[in-house]
Amino acid sequence: MLRRSFNLLMLSAALAVGTAGASFGQEAVRIGVSAAKTGPVAGGASGVLWPNIKLWAEKVNKAGGLKVGDEMRPVEIVEYDDKSSPEEAVKNIQRLATEDKVDLLIPPYSTGLNLATAPLIAKYGYPQIVSTGNANDLEQFVERWPNTFWLLGQAQGLANGIVGTLKDLRDAGKIGNKVALVNVSDAFGLEMIKTGKPALQEAGFEIVYETSYPLGNQDLAPVIASAKAANPDAFVAYSYPPDSFALTEQAQLQKFDVNAFYVSVGGNLDGFGKRFGPAANGILIMGGVNAGDPDFQAYRKEHLDATGQEADWWASPVAYASLEILQQAVERVGSLDKEAINKEIQTGTFKTVLGDIHFEDNINHNNWTVGQWNNGVVNGVRATGTLQGAVEPVVKPAWPAN
C-alpha cells in the first residue's frame, strides 16, 4: 500500500498540505488519515472528507502552523486508501499508529468504517471525532469508547427529521399517506431503517413498498420500477452517494412522480445539484445548512479557492468543523497528549464554521436533519437542537421533460 497524491478524479489537485509557502523550524505534527479513495464510498469521501483535510492543513500551515505549547509546528498529513473496506481500514490504522507513529488521527469516511475502527483507535488513545457517521445506541458506544465523538448525533435524529418533515407535509394536506422505503444494506442503511421504519409507522404512514440493496449495487432500475408500481405518495431512500444519484436518475427516467422524494448521503453534494439541474428542485436530502449564513458562505469560498471544487450542503462543513475542534483542543491543552486532548473535547466549547459546538456525553445534539434543493441551493428545512435558518419544505414538482 503506497502513499500517493490524489488523481484528478478525486480532487482535481494534489493534496499539497505540507509546507508550501511557509518555512518552519519545528518538527511537523504528523496526522494520519485512512479513508476511501477507491471502492463504493470513495465518491462521498472525495467530495466531503479529503478536500476539507486539504483546506484545513493548508490554512493551518499558511498561518504559521499548529500551536503546540510555545511552538508553531507544521502539519503533515500521512494518508492511506482504505478501499472502502473495514478490514483495510483496520490495517491502515494499525500501520499509522505503530509504524508511522502519527501524533493524531482523522477518522475514516462512513458509519461502517468508523464503527469498525473505533476499538483500535481507542486502543491507541487517539481522539475520534466522527464527522461522517452516526449510529443508534451511542450512549453505550461512548461509554465503552470514551475517545469517540459524534458530530452528527444519533441515527434516530436523522430518521425523525424526514419523518417529521413528511408528517408536516401530510398534515398540511400536501402529500398523502403512502411511503415507499428503501435502504442500502450496510451499517449506515441498517441503522437508519432500524429507526426510520418504526418512526414512519408510529406517525401513521403506510409503507406500501420496502426493499434493501447491496452496497455498490448500481442497477437500481428495478427498485424504482417496483416503488412506482406501489403508487406511493412519498419515496424515502437511506442511500449512499452512488445510490442517491442512481435512484434519482432512474426516478427521472421512469417518470416516478411523488410529492416528496428523499435521498440520503450524496444528495447533499454540489455535484448532485449540477448533475440534475432543475430536476433537483424539491428533492429532500439528509442534512442541510443555513445557506444564508455568512460564515458558511465564506467557508464555501475558501473551500473552492483551496481545492478547486465546491463544498457540499451538509457534510463538508461538518468535516471541516471536526478539524477545527481538533486544532482548538490541541492549542488549549498545549501539547499532543492524547488523554488531555480527549478530556478537552469532552468538556470544551468550540467555535466552528457551524457555530459553537459543545458535546454532551460525546454527542453533538445540534444538527441539520433535512434539507431541500431549490435553484441550485440546499436550504435546511429541519434540525435538532438550536440551529437557526430553517425554511418551509415544499412539494416536489413533477420531473421536467428530458
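## Strand pairing and the open sheet

Two strands are said to pair if DSSP finds at least two bridges between them. In this predicted model, strand β15 (residues 367-374) and β16 run antiparallel and are joined by seven bridges. Within β15 and β16, Gln-372 stands opposite Asn-379 in β16.

These strands belong to an open sheet of seven strands, ordered β9-β8-β10-β11-β12-β15-β16, in which the pairing is mixed. At the edges stand β9 (206-213) and β16 (377-384), each of which pairs on one side only. From one strand to the next, the twist averages 20°.

## Helices on the sheet

Helix α7 packs on the sheet, where it touches β8 (178-184), β9, β10 (234-238) and β12 (284-286). The direction of α7 makes about 165° with that of β8. Helix α8 (residues 221-229) also packs on the sheet and touches β8, β9 and β10. The direction of α8 makes about 170° with that of β9.

## The packing of α6 and α7

Two packed helices are described by the angle between their axes and the distance between the axes. For helix α6 (residues 155-171) and helix α7 (residues 187-202), the angle is about 35° and the axes are 9 Å apart. The crossing in which α6 passes α7 is right-handed.

On the α6 side, the contact is made by Ala-155, Gln-156, Leu-158, Ala-159, Asn-160, Val-163 and Leu-166. On the α7 side, Glu-191, Met-192, Thr-195, Gly-196, Ala-199 and Leu-200 take part. Sorted by class, the contact of α6 with α7 comprises eight nonpolar, four polar and one charged residues.

## The surroundings of Ser-34

Ser-34 lies in strand β1 (residues 29-35). This residue counts as buried because its relative accessibility is 0%, and buried means under 20%. The side chain of Ser-34 makes a polar contact with the side chain of Asn-92, at 3.0 Å.

Neighbours within four places in sequence left aside, Ser-34 is in contact with Tyr-80, Asp-82, Ala-89, Asn-92, Ile-93, Leu-96, Ile-106 and Pro-108.

## Two lysines with positive phi

Lys-101 is not a glycine, yet has a positive phi of about 50°. Lys-101 lies in the loop between α3 (86-98) and β5 (104-106). With a relative accessible area of 57%, Lys-101 is exposed.

Lys-255, likewise a residue other than glycine, has a positive phi near 55°. Lys-255 is found in the loop between α9 (241-253) and β11 (260-263), and at 34% relative accessibility Lys-255 counts as partly exposed.

Conventions. Residues numbered from 1 in each chain as written. Predicted model: local features only at pLDDT ≥ 70, side-chain atom pairs only at ≥ 80, totals over all residues. Heavy atoms only, no water. Axes fitted to C-alpha atoms, helices over the stretch in contact; angles between N-to-C directions. Helix = DSSP H or I, 4+ residues; strand = E, 2+ residues; numbered from the N terminus. Left-handed = near helix turned anticlockwise from the far one by under 90°. Contact = heavy atoms within 4.5 Å. Nonpolar A, V, L, I, M, F, W, Y, C, P; charged D, E, K, R; others polar. Buried < 20%, exposed > 50% of the residue type's maximum accessible area, 1.4 Å probe, protein only. Polar contact = N/O pair within 3.5 Å; in protein donor to acceptor, adjacent residues only side chain to side chain.
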